[in-house]
Every structure is written in C-alpha cells, then in structure tokens.
Amino acid sequence: MSNTRSSTKSTGTGTSTAAKGKSGAKYDGFTEEERDAMKERATELKGTARRGSRSAKADGEADVLAKIAEMTDTDRVLAERIHAIVKEHAPGLAPKTWYGMPAYAKDGKVVCFFQSAQKFKSRYATLGFSDLAQLDEGTMWATSYALTELTEADESRIAALVAQAAG
C-alpha cells in the first residue's frame with residue numbers, strides 16, 4: 001500500500017482522515033485504491049463468516065483463482081506461477097484472498113501474498129511475507145520482493161521461501 005501522504009491529519013487511531021480543517025485546507029487520506037482494498041477486505045470477512053471454516057479452503061482456492069483471472073496479462077502470468085509454486089512447495093498453506101489479493105494462510109493467518117502491479121498502480125508486482133513467515137536471516141532480511149518476471153532461479157528461490165514460511 002502507498003506510504004506517501006501529504007498533510008495527513010491523525011485521528012488518534014493511527015489512520016488519517018480526508019476532511020477539511022477549520023482553515024479550509026484539505027487533508028489527504030487513503031487513496032482510492034486503498035479504500036477499494038479495505039472494502040474488499042470487509043467483503044472477504046463477511047464471506048468467511050457466512051461460509052464457516054469447513055468450506056473455506058475450497059472457496060479460498062476459487063476466490064484466489066478468480067482474482068488471478070481478473071489481472072492484466074503480465075500480473076496474471078506471475079500470479080499463476082506463484083500460485084502453482086505455493087501449492088507444490090507449501091501445500092499446508094491455504095489459499096484465500098486478503099485485501100483483494102491472492103494470499104496463503106497457515107491456521108487462518110496470512111503468511112504470504114501476491115500484490116499485482118495494477119492493484120496500487122505500481123511499476124512492479126510484489127511477493128510479500130508476513131512476520132509469521134519467520135524468514136529471519138541474521139539481523140536483517142527481506143519481507144517482500146519486487147517481481148517483473150520469473151526465471152528458473154527466481155522460482156527456485158520462491159519455492160524455498162514459501163516452504164520455509166510454511167514451516
């Protein structure tokens with residue numbers, strides 16, 4: 001998600017608000033893409049509550065595949081490969097959508113996700129990992145990776161990362 005904000009006004013909850021102050025100055029809040037992602041997350045939570053845990057994995061797979069199908073060509077190709085790698089090398093991770101993105105969870109908590117370049121109008125797609133992935137490597141390590149294409153070496157590295165994350 002975009003971290004660039006100009007003149008944000010804190011609401012005391014760690015979020016910003018789009019409003020005009022007494023001086024008439026407009027404060028920037030969430031971008032349209034960020035608001036859309038939050039709406040998608042709310043819809044996902046409602047859907048999960050309705051479905052219950054029994055069918056969550058099957059429905060999660062269908063939801064992820066539907067999100068991948070909506071992507072532009074380049075993002076779709078990357079997401080399809082990531083999905084196949086996760087299924088093969090980390091079968092214990094359950095596919096689900098998370099803020100409208102394909103994600104993979106362990107015990108209901110997201111471990112890794114794919115963010116298409118189009119999602120937030122970025123110049124590259126991202127493969128991200130949560131702290132639950134425990135990719136710890138010394139005192140500093142990457143938790144997200146920019147993707148423009150996938151080579152055989154990239155796919156091997158991703159396979160190792162998702163296997164470690166599923167650990």
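This report describes the fold, the sheet, the helix packing and one buried loop residue of a predicted model.

## Overall architecture

The chain contains 4 helices and 5 strands. Read from the N terminus, these elements follow the order α-α-α-β-β-β-β-β-α. The chain has 167 residues, of which 35% count as buried. Among contacts in the chain with a separation of 6 or more, 45% are between residues 24 or more positions apart.

## The sheet

The 5 strands form an open sheet in the order β1-β2-β3-β4-β5, and their pairing is antiparallel. The edges are occupied by β1 (94-98) and β5 (144-147); each has a single partner strand, so one side of each lacks a neighbour in the sheet. From one strand to the next, the twist averages 25 degrees.

## Strand β3 and its partners

On one side, strand β3 (residues 109-115) is joined to strand β2 (residues 101-106) by 4 bridges, and the two run antiparallel. Within this pairing, Ala-105 has Val-110 of β3 as its bridge partner. The two strands form a hairpin with 2 residues between them. In the turn, Asp-107 adopts a positive phi of about 55 degrees.

Strand β3 also pairs with β4 in the antiparallel sense, again over 4 bridges. Here the bridge partner of Cys-112 is Phe-129 in β4. Strand β3 is mostly covered, with 6 of its 7 residues buried.

## Helices on the sheet

Two of the helices are described here in relation to the strands. Helix α3 (residues 73-89) lies across β1, β2, β3, β4 (125-129) and β5, and its direction is at about 150 degrees to that of β3. Helix α4 (residues 152-166) also packs on the sheet, where it touches β2, β3, β4 and β5. The direction of α4 makes about 30 degrees with that of β4.

## Packing of α3 against α4

The relation between two packed helices is described by the angle between their axes and the distance between the axes. For α3 and α4, the angle is about 50 degrees and the axes are 9 Å apart. Helix α3 is therefore oblique to α4. The crossing of the two helices is right-handed.

Helix α3 contributes Arg-81, Ile-82, Ile-85, Val-86 and His-89 to the contact. From α4 come Glu-155, Ile-158, Ala-159, Val-162 and Ala-163. By residue class, the contact of α3 with α4 comprises 7 nonpolar, 1 polar and 2 charged residues.

## A buried residue in a loop

Ser-116 is placed in the loop between β3 and β4. Is this residue buried or exposed? The relative accessible area of Ser-116 is 7%. Because buried means under 20% relative accessible area, Ser-116 counts as buried.

Which residues does Ser-116 touch, not counting those up to four places away in sequence? They are Met-71, Asp-75 and Ala-125. Of these, Asp-75 falls within helix α3 (residues 73-89), and Ala-125 falls within β4 (125-129). Ser-116 thus touches a residue of the helix that lies across the strands as well as a residue of β4.

Notes. Residues numbered from 1 in each chain as written. Predicted model: local features only at pLDDT ≥ 70, side-chain atom pairs only at ≥ 80, totals over all residues. Heavy atoms only, no water. Pairing = 2+ DSSP bridges. Axes fitted to C-alpha atoms, helices over the stretch in contact; angles between N-to-C directions. Contact = heavy atoms within 4.5 Å. Parallel < 35°, antiparallel > 145°, perpendicular 65-115°, else oblique. Left-handed = near helix turned anticlockwise from the far one by under 90°. Nonpolar A, V, L, I, M, F, W, Y, C, P; charged D, E, K, R; others polar. Buried < 20%, exposed > 50% of the residue type's maximum accessible area, 1.4 Å probe, protein only.
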